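Visitor: May I ask for a close look at one part of this protein, the loops and the strands around them? Please explain each term as it arises.

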Amino acid sequence: MAEEAAKREKEAQQKAAREREESAERRSQAAAKRAREAQEQAARERLARQLMAEQAAQKAKEAEEAILEAEAIRQAMAEIAERMSKLWVAYEKEFGCKKAWPRAGRKSDAQVPGCTHRMWWPRRYGSEECHFCGRLCSLYTLRCPDCDVRACIPCKIEQTGM
Ligand SMILES: [Zn+2]
Ligand SMILES: [Zn+2]
């Protein structure tokens with residue numbers, strides 16, 4: 001009988017030891033699973049952060065490009081405006097006349113009937129209106145020596161053919 005009891009005791013000890021082992025195994029597996037999940041979560045977060053950083057960088061780049069483009073357009077416009085104003089300055093210097101083109105309404109009664117307007121007209125210095133197109137010539141007008149009519153250079157050329 002004592003031998004039987006000893007055997008049962010040993011079996012019970014072995015069973016307890018097995019259960020302890022299994023329990024330890026389960027605990028270590030659970031810990032490994034938690035560690036793996038934490039790692040995966042960290043990787044996902046890292047990826048999301050990286051993606052957000054890339055998107056932010058892309059947006060910043062696009063904004064910068066838009067600013068550069070707007071600046072290029074502004075510069076091109078400014079260059080055109082400057083060229084235009086230089087042209088006008090050159091025109092006014094040449095003709096002493098402010099913006100004769102496009103023409104204002106014609107003053108048809110400016111022409112004196114019967115005058116053929118000879119070819120050569122002397123300059124008449126001073127700010128005066130062109131009798132033909134009505135524009136203000138700030139430097140000088142040309143004057144017909146016969147009928148005394150005043151004209152800007154383009155109108156004089158139109159009247160006399162040169
Ligand atoms: Zn004349
Ligand atoms: Zn004129």
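Guide: His117 is partly exposed, because 17 other C-beta atoms lie within 10 Å of its own. On this scale a residue with 20 or more other C-beta atoms within 10 Å is buried, one with 12 or fewer is exposed, and one in between is partly exposed, the C-beta atoms being placed from the backbone. The model is a predicted one, in which local features need pLDDT of at least 70 and side-chain atom pairs count only at pLDDT 80 or more, while totals for chains, interfaces and linings use all residues. Residues are numbered from 1 along each chain as its sequence is written, and chains are lettered from A and ligands numbered from 1 in the order in which they are written.

His117 belongs to the loop between helix H1 (2-95) and strand E1. Helices (H or I, at least four residues) and strands (E, at least two residues) are DSSP runs, numbered from the N terminus. The backbone of His117 has a positive phi of about 50°, although the residue is not a glycine. Most residues other than glycine have a negative phi.

Arg118 also lies in the loop between H1 and E1. Arg118 is exposed, because it has 11 other C-beta atoms within 10 Å. Beyond its neighbours within four places in sequence, Arg118 is in contact with Pro145 and Asp146; a contact means that two C-beta atoms, placed from the backbone, lie within 7 Å. Arg118 and Thr160 are 42 residues apart in sequence, yet their C-alpha atoms are 7.0 Å apart in space.

His117 likewise has a partner from another part of the chain: Val149 is 32 residues away in sequence and 8.9 Å away in space, from C-alpha to C-alpha. Val149 sits in the loop between strand E4 (140-143) and strand E5 (150-151). Val149 is buried, because 22 other C-beta atoms lie within 10 Å.

Asp148 is in the loop between E4 and E5 as well, but Asp148 counts as exposed, because it has 11 C-beta neighbours inside 10 Å. In the hairpin of E4 and E5, with six residues between the strands, Asp148 takes a positive phi near 70°.

The strands on either side of this hairpin loop are part of an open sheet of three strands, in the order E1-E4-E5 with antiparallel pairing. Its edge strands are E1 (123-125) and E5, each of which pairs on one side only. Two strands are said to pair if DSSP finds at least two bridges between them. E1 and E4 pair over three bridges, and Tyr125 has Tyr140 in E4 as its bridge partner. E4 and E5 pair over two bridges, with Arg143 standing opposite Arg150 in E5.

Val149 also takes part in the largest nonpolar core, which has 12 residues, among them Trp121, Phe132, Leu142 and Ala151. A nonpolar core is a set of buried Ala, Val, Leu, Ile, Met, Phe, Trp, Tyr and Cys residues joined through C-beta atoms within 7 Å. Ala151, leaving aside its neighbours within four places in sequence, is in contact with residues including Cys130, Phe132, Leu142, Lys156 and Gln159.

Lys156 and Gln159 lead to helix H2 (residues 153-160), where they are buried together with Ile153 and Cys155. Seen down the axis of H2, the buried residues fall within an arc of 160°, so they line one face of the helix. The arc is that of the directions from the helix axis to the C-beta atoms. An α-helix has 3.6 residues a turn, so residues three or four places apart point the same way. Just after H2, Gly161 takes a positive phi of about 90°.

These parts belong to a protein with two helices and five strands, whose elements run α-β-β-β-β-β-α from the N terminus on. Of its 162 residues, 13% count as buried.

One caution concerns confidence. The protein averages a pLDDT of 85, and 88% of the residues score at least 70; pLDDT is the predictor's confidence in each residue, from 0 to 100. Over residues 100-110, however, pLDDT stays under 50. Where pLDDT is low, the predicted coordinates should not be read in detail.
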